[in-house]
Amino acid sequence: MQRCVEKDGACERCEGALPFAFTMAFQPIVDLNAARITTYEALVRGPAGESAASILAQVTPRLLYRFDQACRIRAIELASQLGMQESLSINFLPNAVYEPQACIQATLAISSKVGWPVERLVFEVTETEKVQDQHLRNIIEAYRSMGFKTALDDFGNGFANLDLLTELHPDRLKIDRALVMTCDQDTRRQAILRALVGLASELNIDLVAEGVETREEALWLGRHGITQQQGFFHARPSLESLSPDLEPTLVALRQAL
């Protein structure tokens, strides 16, 4: 991890324009019990809707800090412009955060500027490489002390596994699509998901199922205690816009639980 160089209280690696343009799409996280959208996740896209991969491919190690900061600022600005009333979830790379207190200043500044309450910000840990557990713990504890919520993304896949929970105390676990797909039919996945429900309850952590793509998956999950869900079945990401009214569909799902 590269050292962050500060000058006059600001991080030099985080300042300056990026050599490429990007924007955000927003995908809702719904709660079947409440029959409403509770959170929107901000997902990076190209200006014309190009994939996240096409943007991330342009992020060199030299631009990592700057890109991480720019994503936070752009997400909060857009959410405010769109009149979002729900919580906003922003992905971040732990290795792009050198020192939590220093690296959060731009986020606090834009939140103050647009009037975005910090309690409606959720930071999702996205790991593309192994991160030292102590570093990640420091970030999560610092963010929670500032009033932010935190989430472990892609739980059950890659580096985001059970061992992290021995040291970390996130507010949410986002269950990876690998465990969610065909959960209405697959007894092995069902056993794992039931165990996760019990574990999350014991640890006082909310569960969110990612990658829900069928009504059958949504209902099985909801009937077994995982009512917070995200995926194409509910809504696809919307470029620089919020989802249409999902309440009628969510009310019908709640009635079917």
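1. On the outward side of helix H4, Ser112 and Lys113 are exposed. This is a predicted model, and the points below start from that helix and work outward to the whole chain.

2. H4 runs over residues 105–114, and its buried residues are Thr107, Ile110 and Ser111. Viewed down the helix axis, these buried residues fall within an arc of 105°, so they line one face of H4. Ser112 and Lys113 lie on the other side.

3. What packs over that buried face? The cover on the buried residues of H4 includes H2 and strand S6, residues 121–125. After the helix comes Gly115, with a positive phi near 75°.

4. Helix H2, one of the elements covering H4, takes in residues 64–81. It has 18 residues and reaches 26 Å from its first C-alpha to its last, close to the 26 Å expected at 1.5 Å a residue. Just after H2, Gly83 also has a positive phi, of about 75°.

5. Which residues of H2 are buried? At the start of the helix there is a run made up of Leu64, Tyr65, Arg66, Phe67, Asp68 and Gln69. Further along, Cys71, Arg72, Ala75, Ile76, Leu78 and Ala79 are buried as well. The list therefore includes charged residues, Arg66, Asp68 and Arg72 among them.6. The largest nonpolar core has 68 residues, and those touching the most other members are Phe22, Met24, Phe67, Leu88, Tyr143, Leu193 and Leu221. H2 supplies the largest share of this core, 7 residues. Phe67, named among those core residues, is also one of the buried residues of H2. In soluble globular proteins, nonpolar side chains tend to be buried together.

7. Which residues does Leu221 touch? Leaving aside residues up to four places away in sequence, Leu221 touches Val180, Cys183, Leu193, Ala209, Val212, Ile226 and Gln229. Of these partners, Leu193 is itself among the core residues that touch the most other members.

8. For the chain as a whole, the secondary structure comes to 9 helices and 11 strands. The radius of gyration is 18 Å, close to the 18 Å that the globule rule gives for 257 residues, so the chain is as compact as a globular protein of that length. Along the principal axes, the C-alpha atoms fill a box of roughly 55 × 40 × 30 Å.

9. Of the 257 residues, 49% count as buried. Among contacts with a separation of 6 or more, 69% are made by residues 24 or more positions apart. The chain exposes about 11900 Å², and carbon and sulfur atoms supply 49% of that area.

Definitions and conventions: Residues numbered from 1 in each chain as written. Predicted model: local features only at pLDDT ≥ 70, side-chain atom pairs only at ≥ 80, totals over all residues. Heavy atoms only, no water. Helix = DSSP H or I, 4+ residues; strand = E, 2+ residues; numbered from the N terminus. Expected span 1.5 Å × (residues − 1). Buried < 20%, exposed > 50% of the residue type's maximum accessible area, 1.4 Å probe, protein only. Arc of directions from axis to C-beta. Contact = heavy atoms within 4.5 Å. Rg over C-alpha atoms; globule rule 2.2 N^0.38 Å. Areas by Shrake-Rupley, 256 points an atom, 1.4 Å probe, with all protein chains shown as cover. Core = buried A, V, L, I, M, F, W, Y, C linked by side-chain atoms within 4.5 Å.
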